[in-house]
Amino acid sequence: MKVLVQKCSYGAVNIGTDYHEEIRKGYVLFVGFTHGDDLEKIKFLAHKVAHLRIFEDEEGVMNRSILDENGCVLSISQFTLYADATKGNRPSYIKAMNSEDAIQLYDLWNQELSKYVRVKAGVFGADMIIEIHNIGPTTILLEK
């Protein structure tokens, strides 16, 4: 399982020309699943995301979590995190979990993460337009 965390002042997801969800201060998360991912990995990474200290304190040091900031998460399913472009010019997605299983884990992910922080989500499998006002820019890749 991979989670790409982007600290943001604003994040939004649109599907086609329709507005879907938006957040203010928090994280935009891109979440991908691979074979063998399970609830234990989800729980581990949800805890990690909630307690990751990448917001600045009064002295400008990244020492505060999204919980400290009362932030929100915009969670986006992203199977392309498991793209492999080592051979040729067309990426292979063989390491990505099949969509039937991945959608179940994505729903579990959002449920588990919502135990810590407010979660808004994109639509699994949809062609989405994501807008991110990345702070820093700060982008962290978590993997379990």
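Me: How accessible is glutamate 56?
Reply: This is a predicted model. In it, glutamate 56 counts as partly exposed, at 35% relative accessibility.

Me: Which side chain does glutamate 56 meet in a salt bridge?
Reply: Lysine 7. The N to O distance is 3.0 Å.

Me: Lysine 7, buried or exposed?
Reply: Buried, with a relative accessible area of 0%. Its partner, glutamate 56, is partly exposed.

Me: Where do the two sit in the chain?
Reply: Glutamate 56 is in strand S4, residues 55-56. Lysine 7 is in strand S1. They are 49 residues apart, so the pair links distant parts of the chain.

Me: How many salt bridges in total?
Reply: Six.

Me: What does lysine 25 pair with?
Reply: Glutamate 69. The N to O distance there is 2.6 Å.

Me: Which parts of the chain does that pair tie together?
Reply: Two loops. Lysine 25 lies in the loop between strand S2 (18-23) and S3. Glutamate 69 lies in the loop between S5 and S6. The pair therefore ties together parts that are 44 residues apart in sequence.

Me: And how accessible is lysine 25?
Reply: Partly exposed, at 38% relative accessibility. Glutamate 69 is buried, with a relative accessible area of 19%. The cut-off for buried is under 20%, so glutamate 69 falls on the buried side.

Me: Which residues are linked with Lys25 in a network of salt bridges?
Reply: Arg64 and Glu69.

Me: What about lysine 115, which residue does it bridge to?
Reply: Glutamate 112. The closest N and O atoms are 3.0 Å apart. Lysine 115 counts as exposed, at 62% relative accessibility. Glutamate 112 is buried, at 8%.

Me: Switching to cysteines. How many disulfides turn up?
Reply: Zero, from a search of the whole structure.

Me: Why no bond for cysteine 8?
Reply: Because its sulfur is 8.9 Å from the closest cysteine sulfur, in cysteine 72, and that is too far for a bond. The cut-off for a disulfide is 2.5 Å between the sulfur atoms.

Me: What is the closest cysteine sulfur to cysteine 72?
Reply: The one in cysteine 8, at 8.9 Å, again too far for a bond.

Me: Are those two cysteines buried or exposed?
Reply: Cysteine 8 is buried, with a relative accessible area of 0%. Cysteine 72 also counts as buried, at 5%.

Me: Next, packing. How many residues are in the largest nonpolar core?
Reply: It has 25 residues. Those with the most contacts inside it are Val3, Val5, Tyr27, Leu29, Phe33, Val49 and Trp109.

Me: Which elements give two or more residues to this core?
Reply: Strand S1 (2-15), strand S3 (26-32), helix H1 (39-51) and H2. The largest share, five residues, comes from H2.

Me: What is tryptophan 109 in contact with?
Reply: Leaving aside neighbours within four places in sequence, its contacts are Met1, Val3, Leu29, Val31, Phe33, Ile42, Leu45, Ala46, Val49 and Ser75.

Me: And what does the second core include?
Reply: That core is separate and has ten residues. Among them are Cys8, Ile23, Ile76 and Met128.

Me: Where does alanine 102 lie?
Reply: In helix H2, residues 99-113. Alanine 102 is buried, with a relative accessible area of 5%.

Me: Which residues does alanine 102 touch?
Reply: Phe33, Met97 and Phe124, not counting residues up to four places away in sequence.

Me: How far is alanine 102 from lysine 120?
Reply: They are 18 Å apart in space, C-alpha to C-alpha. In sequence they are 18 residues apart.

Me: Backbone now. What is the phi of asparagine 70?
Reply: Near 55°, a positive value in a residue other than glycine. Most residues other than glycine have a negative phi.

Me: Where is asparagine 70 placed?
Reply: In the loop between strand S5 (62-64) and strand S6 (72-77). Asparagine 70 is exposed, with a relative accessible area of 60%.

Me: Last one. Which residues does a cis peptide bond join?
Reply: Glycine 136 and proline 137, with omega about 0°. Proline 137 is found in strand S8, residues 128-143.

Definitions and conventions:
Residues are numbered from 1 along each chain as its sequence is written. This is a predicted model: local features need pLDDT of at least 70, side-chain atom pairs count only at pLDDT 80 or more; totals for chains, interfaces and linings use all residues. Side-chain values use heavy atoms; hydrogens and water are left out. Helices (H or I, at least four residues) and strands (E, at least two) are DSSP runs, numbered from the N terminus. Buried means under 20% relative accessible area, exposed over 50%, partly exposed in between (1.4 Å probe, protein chains only). Contact means heavy atoms within 4.5 Å. A nonpolar core is a set of buried Ala, Val, Leu, Ile, Met, Phe, Trp, Tyr and Cys residues joined through side-chain atoms within 4.5 Å. A salt bridge is a side-chain nitrogen of Lys or Arg within 4 Å of a carboxyl oxygen of Asp or Glu.
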